[in-house]
Amino acid sequence: MKHTVKRLYRAIIPASLRQKISYWREWGALLLNYALMRSRLANAFHPFGAQPHALYIEGTNICNARCVFCAYPQMERPKATMPMDLFRKTIDQYLALGMAEVDLTPIVGDPFADKFLFERLDYLFSRPEAARFHFYTNAILLSEERAQRLMKYGQRFWIFCSFGGFDRETYRRVMGVDKFDEAVRAIRGLIEEKKRTGSALRIQVNLRGPLDSSGGEFWSYLAQRRDEGLVSIDGVTDFDNWGGKISESTLRQAGLVPKPPPVHRGPCRRLLTGPVVLSDGRVNACCCRDVEATLIIGDLKKQSLREILAGPELKNLLARHEKGDFPDICRSCTKYQSIWSGVRDSDTLSSDQERRPAVEAKAS
């Protein structure tokens, strides 16, 4: 019955209207979640916590690139990999809350540098409650054998491949490593493996180069495969400063457009939509730009995930944002987006917006 209703909905309602309905429903849920968390009356009866769109997990914070738009080269935190027992505990607690989407993209790092990646994917795949799981990658370490192994995860899995430019020099300047040929070969191999097997796995190539850099043989290949329904293509129009760690001049030297400073008014929506569990079990409120993990709201080795999401640390952080008392990392962040301004990034150009899962634009 549920699937029948969905088919009728998609058949009757135009795609443009469905996108608007989805947007307003998502934003409305976010505002309601915030209101309940801040309500003393509501919390007197029940401790309301954040209802994230997805749980972000830092399997590892190790990366094999030095992207000019990412703060990984400046990170001072110890490099680490999450043990599998902690990963399983985290997933079990998250799914027990009735949530269903998991992102294995760390704040910084590449999932293919994680020695337990396929064990993590297998565990998620074994849990039907995990309706969707995904990650961003630069694809440099995506071998033919790994591409073959990914196919079995089917439509529940989405892989986002960040790609820095359609010629070797542009790619090296943006991604910080001379791995253009390896990345092209890996992404092409992944798409061809999907075509060969008929897997329902979803592939998106996320363009991270200058806006005028699209062209050449590989671009033509991607456009053709996009038209065949094998891959979608997304792009970033401007790049943020990672809480002040990346200067405008650094971005401009690579041909990238810096994101203008936003007006900071009210809590950043990311405090509600995407906490990240770090490799050591601590939970950070910001999943995408707090590279040194300064916004810790709990520790899964000492608390349950439910307690952390409804805990005083997160609520106090939301209250600080509401008063305009932003922590240093938030005050200077050009990725900041107020809960009062919507729920979608303004810096992305997606060719497949309606089907896109609830993921942040990452810097992998």
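Is Asp92 buried, partly exposed or exposed? In this predicted model, Asp92 is partly exposed, its relative accessible area being 31%. The value falls between the cut-offs of 20% for buried and 50% for exposed residues, which is why Asp92 belongs to neither of those classes.

Asp92 takes part in a salt bridge with Arg127, in which the closest N and O atoms lie 2.5 Å apart. Asp92 is located in helix 4 (residues 84-96), whereas Arg127 is in the loop between helix 5 (117-126) and strand 3 (132-137), so the pair ties together parts that are 35 residues apart in sequence. The relative accessible area of Arg127 is 18%, and Arg127 is therefore classed as buried, the cut-off being under 20%. The pair thus joins a partly exposed acid, Asp92, to a buried base, Arg127. Glu129 is also involved: a network of salt bridges links Asp92, Arg127 and Glu129.

Side chains of opposite charge can pair when their charged atoms come close. A search of the whole structure gives 20 salt bridges. One of the pairs is formed by Arg225 and Glu228, with 2.9 Å between the closest N and O atoms. Arg225 is buried, at 9% relative accessible area, while Glu228 is partly exposed, at 41%. A further salt bridge is formed by the side chains of Arg289 and Asp240, with an N to O distance of 2.8 Å. This pair links distant parts of the chain, 49 residues apart: Arg289 is in the loop between strand 8 (282-284) and strand 9 (296-299), and Asp240 is in the loop between strand 6 (232-236) and helix 10 (248-253). Arg289 is buried, with 6% relative accessibility, and Asp240 is buried as well, with a relative accessible area of 5%.

The strands were examined next. Strand 3 and strand 4 run parallel and are joined by five bridges. Within this pairing, His134 has Trp158 of strand 4 as its bridge partner. Between strand 3 and strand 4 the chain passes through helix 6 (residues 144-150), in a β-α-β crossover that is right-handed. Strand 4 is in turn paired with strand 5, in the parallel sense, over six bridges. Trp158 stands opposite Arg202 of strand 5. Trp158 is thus the bridge partner of His134 and also faces Arg202 in strand 5.

Strand 4 (residues 157-163) is largely enclosed by the rest of the structure, because seven of its seven residues are buried. In a regular strand the side chains alternate between the two faces of the sheet. In strand 4, Phe157, Ile159, Cys161 and Phe163 lie on one side, and Trp158, Phe160 and Ser162 lie on the other; all are buried, and both faces are covered.

Strand 5 (residues 202-207) is also joined to strand 6, by four bridges, and these two strands run parallel. Leu207 has Gly235 in strand 6 as its bridge partner. The connection from strand 5 to strand 6 runs through helix 9 (residues 217-227), and this β-α-β crossover is right-handed. Strand 6 is mostly covered, with five of its five residues buried. Ser232, Asp234 and Val236 point one way from strand 6, Ile233 and Gly235 point the other way, and all are buried.

Two further residues were placed relative to parts of the chain distant in sequence. Arg270 is in helix 11 (residues 270-273) and is buried, with a relative accessible area of 3%. The C-alpha atom of Arg270 is 8.4 Å from that of Ile339, although 69 residues separate the two in sequence. Glu313 is in helix 13 (residues 312-323) and is partly exposed, at 37% relative accessibility. Between the C-alpha atoms of Glu313 and Ala285 the distance is 9.3 Å, for a separation of 28 residues along the chain. Apart from neighbours within four places in sequence, Glu313 is in contact with Ile296 and Ile297.

On the surface, Tyr9, Leu17 and Ile21 form a nonpolar patch with about 230 Å² of accessible area together. Tyr9 is part of helix 1 (residues 2-12). The relative accessible area of Tyr9 is 32%, so this residue is partly exposed and passes the requirement of over 30% for patch members.

Notes
Residues are numbered from 1 along each chain as its sequence is written. This is a predicted model: local features need pLDDT of at least 70, side-chain atom pairs count only at pLDDT 80 or more; totals for chains, interfaces and linings use all residues. Side-chain values use heavy atoms; hydrogens and water are left out. Patches are made of residues with over 30% relative accessible area and no salt bridge: like charges are joined within 9 Å, nonpolar side chains (Val, Leu, Ile, Met, Phe, Trp, Tyr) within 5 Å. Accessible areas come from the Shrake-Rupley method with a 1.4 Å probe; for residues, only the protein chains shown count as cover. A salt bridge is a side-chain nitrogen of Lys or Arg within 4 Å of a carboxyl oxygen of Asp or Glu. Buried means under 20% relative accessible area, exposed over 50%, partly exposed in between (1.4 Å probe, protein chains only). Contact means heavy atoms within 4.5 Å. Two strands pair if DSSP finds at least two bridges between them. A crossover is right-handed if, with the strands pointing away from the viewer, the path from the first strand over the helix to the second runs clockwise.
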